[in-house]
Amino acid sequence: MTTEELEEIRERELTSGRSPAAIVLAGLIILVCIYALFEATLKAIGQVPLLAMPETWWIWIATLPGNVDPVVLASAGLAITLLGVLFIAHAFRRGRLAKHSMRCEDAVLVMDDQVLAAALARRARLEAAVGPGQVLVVVNREQIDVQVRPTSGTPLGPSMIVAGLEDELRINAVEPMPRIAVRVAESGVIGQ
């Protein structure tokens, strides 16, 4: 595979698709069409319409603004505009999945952020010499937040934890290298 093909695969694995937004929009259109079909069917069999006859809707739309309160029209227009802007922004913005890529020459390696957080939590526990419940790691796109609750009476400096986590990220060849923020709690945990 060429480098361009590998980059394309990496981008596809790290970004989310647009299917959910398209499904929601299609669902809304289908519901409106089903309602219109239902009203037309009621009219065709001579029944009373559920809300209004189809001609009433078309006349109302054709004569807008008519006698409709301007605040209601402005609110409806604003809501429709915001919905349109939301769908357009979603279409052009690249969504990002909770994954990081790993450097590899011949293939595309992708690691879930949860797996990366577990590996970093294990390394932080080893560096800080604390128990399993004393480290919390949250992995974001560009930053890793680490919270450590030391064992009572044991001084703990964040610099050795940061160095260990940077080494773990280098070993796993995570790209791009995220920033690491370590916070050591003021109070400790007894007996771990």
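Read from the N terminus, the elements of the chain follow the order α-β-α-α-α-β-β-β-α-β-β-α-β-β. This amounts to six helices and eight strands. The model is predicted, and the description below proceeds from the chain as a whole to one of its sheets and then to a single residue in a helix.

The overall dimensions come first. A compact globule of 192 residues would be expected to have a radius of gyration near 16 Å, whereas the value for this chain is 28 Å. Taken along the principal axes, the box filled by the C-alpha atoms is roughly 80 × 50 × 30 Å. Of the 192 residues in the chain, 26% are buried. The surface that the chain exposes comes to about 13,000 Å², and carbon and sulfur atoms supply 65% of that area.

Contacts and charges complete the general picture. If one takes the contacts between residues at least 6 apart in sequence, 58% of them join residues at least 24 apart. As for charge, the chain carries 17 positive and 21 negative side chains. The centres of these two sets lie 4 Å apart.

Attention may now turn to the strands. An open sheet is formed by three of them, in the order β4-β3-β7, with antiparallel pairing. Strands β4 (109–112) and β7 (174–175) stand at the edges and have a single partner strand each, so one side of each is left without a neighbour in the sheet. Between β3, which spans residues 99–102, and β4, the antiparallel pairing extends over four bridges. One bridge can be located by its residues: Lys 99 has Asp 112, in β4, as its partner.

The helices are represented here by α4, which covers residues 70–92 and contains Phe 87. Is Phe 87 buried or exposed? Its relative accessible area is 19%. The cut-off for a buried residue is under 20%, and Phe 87 is therefore classed as buried.

Which residues does Phe 87 contact, once its neighbours within four places in sequence are left aside? They are Ala 21, Val 24 and Leu 25. A further distance relates Phe 87 to another part of the chain: Val 135 is 48 residues away along the chain, and the C-alpha atoms of the two residues are separated by 39 Å.

In the model, then, the reader can trace the open sheet β4-β3-β7 and, in helix α4, the position of Phe 87, a buried residue in contact with Ala 21, Val 24 and Leu 25.

Note on methods
Residues are numbered from 1 along each chain as its sequence is written. This is a predicted model: local features need pLDDT of at least 70, side-chain atom pairs count only at pLDDT 80 or more; totals for chains, interfaces and linings use all residues. Side-chain values use heavy atoms; hydrogens and water are left out. Helices (H or I, at least four residues) and strands (E, at least two) are DSSP runs, numbered from the N terminus. The radius of gyration is taken over C-alpha atoms; the globule rule is 2.2 Å times the number of residues to the power 0.38. Buried means under 20% relative accessible area, exposed over 50%, partly exposed in between (1.4 Å probe, protein chains only). Contact means heavy atoms within 4.5 Å. Accessible areas come from the Shrake-Rupley method with a 1.4 Å probe; for residues, only the protein chains shown count as cover. Lys and Arg count as positive and Asp and Glu as negative; His and the chain ends are not counted. The place of a charge is taken as NZ of Lys, CZ of Arg, CG of Asp or CD of Glu. Two strands pair if DSSP finds at least two bridges between them.
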